[in-house]
Amino acid sequence: MTAPPASPAPRPSPSADDPPAQARPVAPDGSASRRGRFTRFAVGLTGGIGSGKSTVADLFVARGATLVDSDAIAHELTGPAGDAMPAITAAFGPGIVAADGRLDRAAMRTRVFTDPDARRRLESILHPMIRALAEARIDAAAGAYVIVAIPLLIESVGWRQALDRVLIVDCPVETQIERVIRRNGLSRAEVEAVIAAQVSREQRLAAADDVIDNGGAPEALAPQVEALHRRYLELARG
Ligand SMILES: Nc1ncnc2c1ncn2[C@@H]1O[C@H](COP(=O)(O)OP(=O)(O)O)[C@@H](O)[C@H]1O
Ligand SMILES: [Mg+2]
């Protein structure tokens, strides 16, 4: 689908398939301008599985940032009576619906695993809905700036272009594996398969405006978050 040409509307609705939107005009000194398209200053937060995205997001929230979490939105949309459930049920049948009406994630995972086209169909239902809800919440956010947690941020050109900054939580792959085995009780092979399906650490870092190093102790996070929080407050003020 092609979006209509950008009119002087405040913000063309971004989507992964849209052509690049017109950038905001750059201020003469280059400092006051920002590239995002939301009414609020919006920082995309991403990182590989187990890198520490949720841990870092909590530290920003504790400092007053508003969090818009695409995973949480996906859960809302696929919960009992979730807005995505009618379309998902129509596409995949009642076998992927749990007794209480929520998406049976295990059944869906099996389906997606055995049928590559199923993943595309699921994503074509879910992603635009997640996107629309996330956008509405970013624009309505009360805080000075918004942290937008998006696991697949690097994969989505549309998201990257809509956000003011991209913040990566980084740690060595081996550390990711150990953390996810501990957190989810998965086997090493299962975690490695998830990581193999994500963009590489190098690709992620290449897209970063800011990086938080979470390869060390949890205590090392707060000072890094604090420094970025101050910077984002400043940038959000323009
Ligand atoms: N620096 C750290 N040292 C040890 N464990 C950590 C550290 N950061 C996060 N964890 C733990 O590792 C797991 C993955 O972190 P989490 O924030 O959930 O990652 P993500 O949201 O990126 O998947 C969680 O159980 C978390 O408590
Ligand atoms: Mg998380």
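Start by selecting Val191, which sits in helix H8, residues 188–197. Keep in mind as you go that this is a predicted model.

**Val191 and its neighbours**

Is Val191 buried or exposed? It is buried, because 21 other C-beta atoms lie within 10 Å and 20 are enough to count as buried. Now show what Val191 touches, leaving out residues up to four places away in sequence: you should get Ile177, Val180, Ile181 and Leu186. Pick Val180 from that set and check the spacing: Val191 and Val180 are eleven residues apart in sequence, and their C-alpha atoms are 6.9 Å apart in space.

**Over to ligand 1**

Next, select ligand 1 and bring up what surrounds it. The shell holds 13 residues, and the closest are Lys53, Ser54, Thr55, Arg179 and Arg183. Colour the shell by residue type and you'll see three nonpolar, seven polar and three charged residues.

Which helices each supply at least two residues of this shell? They are H1, at 53–62, and H7, at 173–184. H1 gives the most, with three residues.

**Along helix H10**

Now go to helix H10, residues 221–237, and look at it side-on. Its 17 residues should span 24 Å at 1.5 Å a residue, and the end C-alpha atoms are indeed 24 Å apart, so the two agree.

Select Val225, Leu228, His229 and Tyr232 in H10: these are buried. They cover an arc of only 115 degrees around the axis, which means they lie on the same side of H10. Spin to the other side of H10 and you'll find Pro223, Ala227, Arg230, Glu234 and Arg237, which are exposed.

What do the buried residues of H10 pack against? Show strand E1 (41–46), H1, strand E3 (145–149), strand E4 (165–170) and strand E5 (210–213), and you have their partners. H1 is worth a second look here, since you've already met it as the helix that gives the most to the shell around ligand 1. Step off the end of H10 and you land on Gly238, with a positive phi near 75 degrees.

**A loop with an odd phi**

Jump to Ala81, in the loop between helix H2 (70–77) and helix H3 (85–92). What is its phi? It is positive, about 65 degrees, although Ala81 is not a glycine. Most residues other than glycine have a negative phi. Ala81 counts as exposed, because it has 9 C-beta neighbours inside 10 Å and 12 or fewer is the cut-off for that class.

Carry on into helix H3 and select Met85. With 19 C-beta neighbours inside 10 Å, Met85 counts as partly exposed. Leaving out residues up to four places away in sequence, Met85 touches Thr78, Gly101 and Leu103. Add Leu126 to the view as well: it is 41 residues from Met85 along the chain, and their C-alpha atoms are separated by 9.5 Å.

**Zoom out**

Finish with the whole protein chain, which has ten helices and five strands. Of its 238 residues, 30% count as buried. Among contacts with a separation of 6 or more, 69% link residues 24 or more positions apart.

Last, colour by pLDDT. The chain's mean is 88, and 86% of its residues reach 70 or more. Residues 1–32 are another matter: pLDDT stays under 50 there, and the model has 33 contacts beyond four places in sequence for this stretch. Where pLDDT is low, the predicted coordinates should not be read in detail.

Technical notes. Residues numbered from 1 in each chain as written. Chains lettered and ligands numbered in written order. Predicted model: local features only at pLDDT ≥ 70, side-chain atom pairs only at ≥ 80, totals over all residues. Near = placed C-beta within 6 Å. Helix = DSSP H or I, 4+ residues; strand = E, 2+ residues; numbered from the N terminus. Nonpolar A, V, L, I, M, F, W, Y, C, P; charged D, E, K, R; others polar. Expected span 1.5 Å × (residues − 1). Arc of directions from axis to C-beta. Contact = placed C-beta atoms within 7 Å. pLDDT = per-residue confidence, 0-100.
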